[in-house]
Amino acid sequence: MDRKAAVKVLRWYLGLYKNWPALVTLKDKKKFLHDVLVFVVPHRPVGWPVLEAAKTATKKNREMDEKSLDDLIASLRANICQLVEAGIYRRAAMLPWRITPTIEWRESEKRFIKAQTSHGNEFYYSAVELLYDALAEYGHLIKTCQAPRAGKRGKRGNAATITQTCNDPFVAERPSGMYCSATCQNRVLARSRSKYA
Ligand SMILES: [Zn+2]
């Protein structure tokens, strides 16, 4: 992944982390997963086994489908938040295991064989692994804004105002980027100008 693509990916996930959408109806949930899919697929082609099933299903099956969508969304959210926070706070993070080693009895051979079972669906792992890859290579571009917070005018010199920084997490274009927005950058410039005026 090149830096430009990684910045785009990290910004997208950070945006999700900051503003996780309220998903109330089944329609909301499907639209959300569809949006995630549309974002993830250009980076990692994945299948989509979940959404198609509900069309001809009975009420009970639909409820089960919705429950599995809820589980999928909850797992996605837990893993995305864990990884994004790892980026923000420079913490270690662990990915969910895709594969569990198992043993299975082979009746025809009258013995056990070693096997593996994969769980969750491919889409879920792709959505998490895309963030994982971007973080591993460019997670250092996630910063917390170091600009002083916008204070009330006339209160400059007040110790509390000086020590407070914006602290908003953002994804910098380059490692040297320090401020979340043009507004914060301009505030820093304005203050340093008035200091030396
Ligand atoms: Zn800021």
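**Chat about a predicted chain**

User: Is R90 buried or exposed, and why?

Analyst: R90 counts as exposed because it has 10 C-beta neighbours inside 10 Å, and an exposed residue is one with 12 or fewer. Please keep in mind that this is a predicted model.

User: And where does R90 lie?

Analyst: R90 lies in the loop between α3 and β1, and it follows α3. The phi of R90 is positive, at about 55°, although R90 is not a glycine.

User: What sign does phi have in most residues other than glycine?

Analyst: In most residues other than glycine, phi is negative.

User: Which residue in the hairpin of β1 and β2 has a positive phi?

Analyst: That residue is K110, with a phi near 55°, in a hairpin that has 4 residues between its strands. K110 is found in the loop between β1 and β2, and, like R90 above, K110 is not a glycine.

User: Why does K110 count as exposed?

Analyst: K110 counts as exposed because it has 7 C-beta neighbours inside 10 Å.

User: Staying with that hairpin, how do β1 and β2 run, and how many bridges join them?

Analyst: Strand β1 and strand β2, which is made of residues 111–118, run antiparallel and are joined by 8 bridges. To pick out one position, I103 stands opposite K114 in β2.

User: How many residues of β1 are buried?

Analyst: The count is 0 among the 8 residues of β1, which spans 99–106, and the strand is therefore hardly covered, given that a residue needs 20 or more other C-beta atoms within 10 Å to be called buried.

User: Let me step back, what is the chain made of overall?

Analyst: There are 6 helices and 4 strands in the chain, and read along the sequence they follow the pattern α-α-α-β-β-α-β-α-β-α. Buried residues make up 16% of the 197 residues. Of the contacts between residues at least 6 apart in sequence, 63% join residues at least 24 apart.

User: Where does the largest nonpolar core get its residues from?

Analyst: The elements that give two or more residues to this core are α1 (3–18), α2 (26–40), α3 (59–89), α4 (122–138) and β4 (169–171). The largest share, 10 residues, comes from α4. The core lies between domain 1 (3–95 + 123–138) and domain 2 (145–196), because both domains give residues to it.

User: Which members of that core touch the most other members?

Analyst: Those are L10, A127, L131 and A134, out of the 29 residues in the core. If we leave aside residues up to four places away in sequence, L131 touches V9, Y13, I80 and L83.

User: On to α2, which of its residues are buried?

Analyst: The buried residues of α2 are L33, V36 and V40. They lie on the same side of α2, because they cover an arc of only 55° around the axis. On the other side of α2, K27, H34, D35 and V38 are exposed.

User: What do the buried residues of α2 pack against?

Analyst: They pack against α3 and α4. As for the helix itself, α2 has 15 residues and reaches 21 Å from its first C-alpha to its last, which is close to the 21 Å expected at 1.5 Å a residue.

User: How far does α3 reach, then?

Analyst: With 31 residues, α3 reaches 44 Å from its first C-alpha to its last, close to the 45 Å expected at 1.5 Å a residue. In α3, the residues L76, N79, L83, V84 and G87 are buried, and the buried residues of this helix pack against α1, α4 and β3 (142–144).

User: Last topic, F170: in which strand is it found?

Analyst: F170 is found in strand β4.

User: Is F170 buried or exposed, and why?

Analyst: F170 is buried because it has 22 other C-beta atoms within 10 Å, where 20 or more are needed.

User: What does F170 touch?

Analyst: Not counting residues up to four places away in sequence, F170 touches K143, C145 and C180. To take C145 from that list, F170 and C145 are 25 residues apart in sequence, while their C-alpha atoms are 7.1 Å apart in space.

Definitions and conventions: Residues numbered from 1 in each chain as written. Predicted model: local features only at pLDDT ≥ 70, side-chain atom pairs only at ≥ 80, totals over all residues. Core = buried A, V, L, I, M, F, W, Y, C linked by C-beta atoms within 7 Å. Domains from an automatic or database assignment. Contact = placed C-beta atoms within 7 Å. Pairing = 2+ DSSP bridges. Expected span 1.5 Å × (residues − 1). Arc of directions from axis to C-beta.
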